[in-house]
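Student: Could you take me on a close look at the main nonpolar core of this protein? I would like to know what builds it and how the helices around it are arranged.

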Amino acid sequence: MKIAVKDSETQAFEVPETILTRFNSPESVTIMNLEDYGDFFEITGPAAQAWVQLTNKKTLRKIVKYLGKEYGVPESLVEEKMDKFVKTLTKHGLLKRSKN
């Protein structure tokens with residue numbers, strides 16, 4: 001599955017109802033999938049900030065721009081990392097594409 005951040009001005013994602021999120025700090029989030037017998041995932045740093053943006057239904061394009069500016073890194077690098085991050089989250093059932 002290619003997320004195609006470059007071509008996705010409107011693509012947003014949503015968190016399924018079975019996912020519980022705990023915001024430990026601005027840079028630390030714990031995610032629990034209630035359907036998978038309480039599997040926990042902890043994400044930190046830029047990934048935690050990306051999660052916050054995703055849960056607020058920001059588009060991938062907006063998240064890439066935000067993180068690039070926030071961390072002073074090229075958007076191309078953020079796109080690459082976001083592609084992998086979103087694929088991992090969807091693979092584990094923590095995220096799904098919004099129907100917009």
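Tutor: Happy to. The largest nonpolar core holds 20 residues, and W51, L54 and M82 have the most contacts inside it. Please keep in mind that this is a predicted model. Several elements contribute to this core: β3 (28–33), α1, α2 and α3 each supply at least two residues. The largest share comes from α3, with 5 residues. This fits a broader tendency: in soluble globular proteins, nonpolar side chains tend to be buried together.

To place these elements, it helps to have the overall layout. The protein has 3 helices and 5 strands, and along the sequence they follow the pattern β-β-β-β-α-α-α-β. Of its 100 residues, 40% count as buried. If you take the contacts between residues at least 6 apart in sequence, 55% of them join residues at least 24 apart.

Let us start from L54, one of the residues with the most contacts inside the core. Setting aside residues up to four places away in sequence, L54 touches F13, L60, I63, M82, F85, V86, L89 and L95. Two of these partners, L60 and I63, are α2 residues that meet α1, while M82, F85, V86 and L89 are the α3 residues that meet α1. L54 itself is a buried residue of α1, along with A48, Q49, A50, W51 and Q53. What covers the buried residues of this helix includes β1 (13–14), β2 (19–25), β3, β4 (39–44), α2 and α3.

Now for the helix pairs, beginning with α1 and α3. Their axes come within 12 Å and cross at roughly 65 degrees, which means that α1 is roughly perpendicular to α3. The crossing of α1 past α3 is right-handed. On the α1 side of the contact you will find A47, A50, W51 and L54, and on the α3 side M82, F85, V86 and L89. By class, this contact has 8 nonpolar residues, with no polar and no charged ones. W51, L54 and M82, the residues with the most contacts inside the core, each take part in this meeting of α1 and α3.

Next come α1 and α2, which pack at an angle of about 145 degrees with their axes 10 Å apart. Again, α1 passes α2 in a right-handed crossing. Here P46, Q49, A50, Q53 and L54 from α1 meet L60, I63, Y66, L67, E70 and Y71 from α2. The class breakdown for this contact is 8 nonpolar, 2 polar and 1 charged. Have a look at Q53 while you are there. With a relative accessibility of 15%, below the 20% cut-off, Q53 counts as buried. Beyond its neighbours within four places in sequence, Q53 is in contact with K58, I63 and Y66.

The link between these two helices has a backbone detail that you may want to inspect. K57 lies in the loop between α1 (46–55) and α2 (60–71), and it has a positive phi of about 60 degrees although it is not a glycine. For background, most residues other than glycine have a negative phi.

That leaves α2 and α3. The axes of α2 and α3 (residues 75–91) come within 9 Å and cross at roughly 125 degrees, so α2 is oblique to α3. This crossing, too, is right-handed. From α2, the residues L60, R61, I63, V64, K65, L67 and G68 meet E75, V78, E79, M82 and V86 of α3. They divide into 7 nonpolar, 1 polar and 4 charged residues. M82 and V86 take part here, and both also belong to the contact of α1 with α3.

One last stop on α3 is L77, which sits in that helix. Its relative accessibility is 34%, between the 20% and 50% cut-offs, so L77 counts as partly exposed. The C-alpha atoms of L77 and V64 are separated by 9.1 Å, with their positions 13 residues apart along the chain.

Note on methods
Residues numbered from 1 in each chain as written. Predicted model: local features only at pLDDT ≥ 70, side-chain atom pairs only at ≥ 80, totals over all residues. Heavy atoms only, no water. Helix = DSSP H or I, 4+ residues; strand = E, 2+ residues; numbered from the N terminus. Axes fitted to C-alpha atoms, helices over the stretch in contact; angles between N-to-C directions. Parallel < 35°, antiparallel > 145°, perpendicular 65-115°, else oblique. Left-handed = near helix turned anticlockwise from the far one by under 90°. Contact = heavy atoms within 4.5 Å. Nonpolar A, V, L, I, M, F, W, Y, C, P; charged D, E, K, R; others polar. Core = buried A, V, L, I, M, F, W, Y, C linked by side-chain atoms within 4.5 Å. Buried < 20%, exposed > 50% of the residue type's maximum accessible area, 1.4 Å probe, protein only.
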